[in-house]
Amino acid sequence: MTPRLQNPFKLAPEGTKAMMALEASFKSSGLEHSLMHLVKLRASQINGCAFCIHMHATDARKEGETEMRLYMLNAWRESPLYTPRERAALAWTEALTRLADTGAPDSDYELVKAQFSEAEQVQLTLLIGAINVWNRLQVGFRAAHPVEPSAAR
């Protein structure tokens, strides 16, 4: 894979600055860091963003996420490893990431409404929107994830 641009973020410094400010706002959003990692990782899986999958899986592990929950994330609906709050967030993540196909169904919103305050619902939706923007930048410009020597075969 050949990157299409070497550093797209330097080419749009104001937009990048705005995206970084949005990311910084999530720290005080009331959303758990572990939940945010799962949301970012799941959206990145759906979008096929290797760069972001690598980043968010690595970050989640560093913050104590278990390997098995990361492995099972793609099949979260069939796994008992996720809390009702995480399940609601993951359903909303999938619905909004696949918006053209889902239309953000009421059933998924009802799950979110039951688990998150109104302010948290907005923060979660902003988080999902942000990771989708990052995925589109990384996939669109073919950003390569780092490769640890032990991972290359």
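**Entry 1. The record**

A UniProt annotation is given here in the numbering used for this chain, and such an annotation may be inferred rather than shown by experiment. With that in mind I looked up the domain in the record. The unreviewed UniProt entry carries the annotation "domain: Carboxymuconolactone decarboxylase-like" for residues 14-95. I also noted that the model I am reading is predicted.

I then looked at that span in the model. Residues 14-95 are 71% helix and 0% strand. From one end of the span to the other, the C-alpha atoms lie 29 Å apart.

**Entry 2. The whole chain**

I counted the secondary structure next. The chain has nine helices and zero strands. Read along the sequence, the pattern is α-α-α-α-α-α-α-α-α. The radius of gyration is 16 Å, and the globule rule gives 15 Å for 153 residues; the two are close, so the chain is as compact as a globular protein of that length.

I wrote down the box as well. Along the principal axes, the C-alpha atoms fill roughly 45 × 40 × 30 Å.

How much of the chain is buried? I found that 37% of the 153 residues count as buried. The accessible surface comes to about 8700 Å², and carbon and sulfur atoms make up 60% of that surface.

For contacts, I took those with a separation of 6 or more. Of these, 67% join residues 24 or more positions apart.

Last for this entry, I checked the charges. The chain has 17 positive and 17 negative charges, and their mean positions are 7 Å apart.

**Entry 3. Three buried charged residues**

I picked lysine 40 to start. Lysine 40 sits in helix 3, which runs over residues 33-47. Is lysine 40 buried or exposed? Its relative accessible area is 13%, and the cut-off for buried is under 20%, so lysine 40 is buried. Setting aside neighbours within four places in sequence, I listed Glu23, His56, Leu127 and Ile131 as the contacts of lysine 40.

Glutamate 65 came next. I found glutamate 65 in the loop between helix 4 (50-62) and helix 5 (67-72). Glutamate 65 has a relative accessible area of 12% and is buried. What does glutamate 65 touch, apart from neighbours within four places in sequence? Its contacts are Ser34, Leu38, Ala60 and Leu70. For one of these, serine 34, I looked up the spacing: glutamate 65 and serine 34 are 31 residues apart in sequence, and their C-alpha atoms are 7.0 Å apart in space.

The third was glutamate 120, in helix 9 (residues 118-140). With a relative accessible area of 16%, glutamate 120 is buried. Beyond neighbours within four places in sequence, glutamate 120 is in contact with Ser29, Gly30, Leu31, Arg85 and Gln115.

**Entry 4. Two exposed residues**

I moved to alanine 119, which is also in helix 9. Alanine 119 counts as exposed, because its relative accessibility is 53% and exposed means over 50%. I then took the distance to glycine 30. Alanine 119 and glycine 30 are 89 residues apart in sequence, while their C-alpha atoms are 8.7 Å apart.

Lysine 10 was my other exposed residue. Lysine 10 belongs to helix 1 (residues 8-11). Its relative accessible area of 68% makes lysine 10 exposed. How far apart in space are lysine 10 and lysine 113? I read 38 Å from C-alpha to C-alpha, with their places 103 residues apart in sequence.

**Entry 5. Two positive phi angles**

Before this entry I noted the background. Most residues other than glycine have a negative phi.

Where is alanine 104? I found alanine 104 in the loop between helix 7 (99-102) and helix 8 (106-115). Phi of alanine 104 is near 50 degrees, a positive value although the residue is not glycine. Its relative accessibility is 21%, and under 20% would be buried, so alanine 104 counts as partly exposed.

Arginine 142 comes in the segment after helix 9. Phi of arginine 142 is near 60 degrees, again positive in a residue other than glycine. At 28% relative accessibility, I put arginine 142 down as partly exposed.

Definitions and conventions: Residues numbered from 1 in each chain as written. Predicted model: local features only at pLDDT ≥ 70, side-chain atom pairs only at ≥ 80, totals over all residues. Heavy atoms only, no water. Helix = DSSP H or I, 4+ residues; strand = E, 2+ residues; numbered from the N terminus. Rg over C-alpha atoms; globule rule 2.2 N^0.38 Å. Buried < 20%, exposed > 50% of the residue type's maximum accessible area, 1.4 Å probe, protein only. Contact = heavy atoms within 4.5 Å. Areas by Shrake-Rupley, 256 points an atom, 1.4 Å probe, with all protein chains shown as cover. Lys, Arg positive; Asp, Glu negative; His and termini not counted. Charge placed at Lys NZ, Arg CZ, Asp CG, Glu CD.
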